[in-house]
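Morning, everyone. I have one structure today, and I would like to go through some helix packing and a cavity.

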Amino acid sequence: MTTAAASATPSTGSASVATGPSTGPRRALDWRLRFGLLSLIWGFSFLLIKVGTQSYAPFQVTLGRLAFGTAVLAVAIAVRRERLPRGARTWAHLTVAALLLNALPFSLFAYAELTIPSTLAGICNATSPLWGMALSLVALSEDRPTRVRVAGLGLGFLGVLTVLGAWQGFSGLDARGTTLALLASLSYPIGWIYVRRTLAGSGGSALSMTGAQLFLATLQLAVVTPAFTTFPTRFPLLPLLAIAALGALGTGLALLIQYGLVTEVGPTTAQMVTYFIPVIATAAGVALLGESLTWSTPVGAVIVLAGAALTQARRKA
């Protein structure tokens, strides 16, 4: 759920423009409170997707999400008087990043939640660090494996099998929806690696790069959506409000908060929000949508998060 110019976190990212804590003035709201707010916003995003897809097509939900998110960032860019990225090469790479980090995973999650609960989608999202670690071993020569990180990778995927109930032969599991959610989670680290290889040091500010990326993702969905959906004849209010909240809060405001966290406390601390998202998504789905919860779901989620945490371990200098 993140973007090219934000930190290296799943739900929502990639290579960070800001690589360390900020030395600027203190913000009015303590970073810990903003960290908690970001966790809540992204955790509830899966519930909002589920509500939105009850009345609108998945592509329409994604288009609305991106449009509202882009509008929020456009206002922020205008207020701060920042310049948009320059150069055809940069915009070409941002177009690919927009597909891999926004348009594709957002759409896949929306389609997945047609048939799987929002709780499962939130847990699938937490597998992004696992996919990222596995891919980085192949694609990033400087990212050497350690025993701890390899153990984390194995533990994480054991957790995935626990969530899915592998010992029961995946009984009752919607294979299509689960596969789409896992593919969405895989799309994020592919996008991060692409950005790291192509846009690192491009010179644009994190905010302007993020805004440009969301704008390009919105254009992509604006082209795709009419080709695969019909224009709604009714506009139910609650799902429409869910889409608006998903875009304005879960995409636009969340990225602004994340951008500030990365700048202030660094990407390593900011990316810890990843481990709170599935917990909140599960609680929201069970409490507000009445989704069922078996013992294997929370237990498997804890194993996934433990494995994901181990994959982020780095050698001490």
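I will take three helix pairs in turn, with the cavity in between.

A word on the source before the details: this is a predicted model.

Start with α2 and α3. Helix α2 covers residues 58–80 and helix α3 covers residues 88–112; the two pack at an angle of about 135°, and their axes are 8 Å apart. With that angle, α2 is oblique to α3, because only angles over 145 degrees count as roughly antiparallel. The α2 and α3 crossing is right-handed. On the α2 side the contact is made by P58, F59, T62, R65 and L66, and on the α3 side by N102, A103, F106, S107, A110 and Y111. Sorted by class, the contact of α2 with α3 has seven nonpolar residues, three polar and one charged.

Next, α4 and α7. Helix α4 is residues 118–125, helix α7 is residues 175–198, and they pack at about 30° with axes 8 Å apart. The angle is under 35 degrees, so α4 is roughly parallel to α7. This crossing, α4 with α7, is also a right-handed one. Which residues meet here? From α4 there are L120, C124 and N125, and they meet T178, A181, L182, S185 and Y188 in α7. The class count for the contact of α4 with α7 is five nonpolar, three polar and no charged residues.

Now the cavity. The largest cavity holds about 50 Å³ of space. Its lining consists of I123, C124, T127, V160, V163, L164, T178 and L182. Three elements give two or more residues to that lining: α4, α6, which is residues 147–164, and α7. Which of them gives the most? That is α6, with three residues. By class, the lining of the largest cavity has six nonpolar residues, two polar and no charged. Some names come back from the previous pair: C124 of α4, and T178 and L182 of α7, are in the α4 and α7 contact and also line the largest cavity.

That leads to α6 and its partner α12. Helix α12 is residues 296–311, and α6 packs with α12 at an angle of about 165°, axes 7 Å apart. Since that is over 145 degrees, α6 is roughly antiparallel to α12. The crossing of α6 and α12 is left-handed. From α6 the contact takes in V148, R149, G152, L153, L155, G156, L158, G159, V160, T162 and V163; from α12, the residues include S296, T297, V299, G300, A301, I303 and V304. In the contact of α6 with α12, twelve residues are nonpolar, nine polar and one charged. Two residues of α6 in this contact, V160 and V163, are also in the lining of the largest cavity.

That is what I have; questions are welcome.

How values were computed
Residues are numbered from 1 along each chain as its sequence is written. This is a predicted model: local features need pLDDT of at least 70, side-chain atom pairs count only at pLDDT 80 or more; totals for chains, interfaces and linings use all residues. Side-chain values use heavy atoms; hydrogens and water are left out. Axes are lines fitted to C-alpha atoms, for helices over the stretch in contact, and angles run from 0 to 180 degrees between N-to-C directions. Helices (H or I, at least four residues) and strands (E, at least two) are DSSP runs, numbered from the N terminus. Angles under 35 degrees count as roughly parallel, over 145 as roughly antiparallel, 65 to 115 as roughly perpendicular and the rest as oblique. A crossing is left-handed if the near helix is turned anticlockwise from the far one by less than a right angle, and right-handed if clockwise. Contact means heavy atoms within 4.5 Å. Ala, Val, Leu, Ile, Met, Phe, Trp, Tyr, Cys and Pro count as nonpolar, Asp, Glu, Lys and Arg as charged, and the others, Gly among them, as polar. On a 1 Å grid over the protein atoms alone, a cavity is a set of points where a 1.4 Å probe fits but cannot get out, and a pocket is an open set with protein on both sides within 12 Å along at least five of seven lines; lining residues have an atom within 4 Å of a point. Grid points are joined across faces, edges and corners, and a volume is the space filled by probe spheres set on the points.
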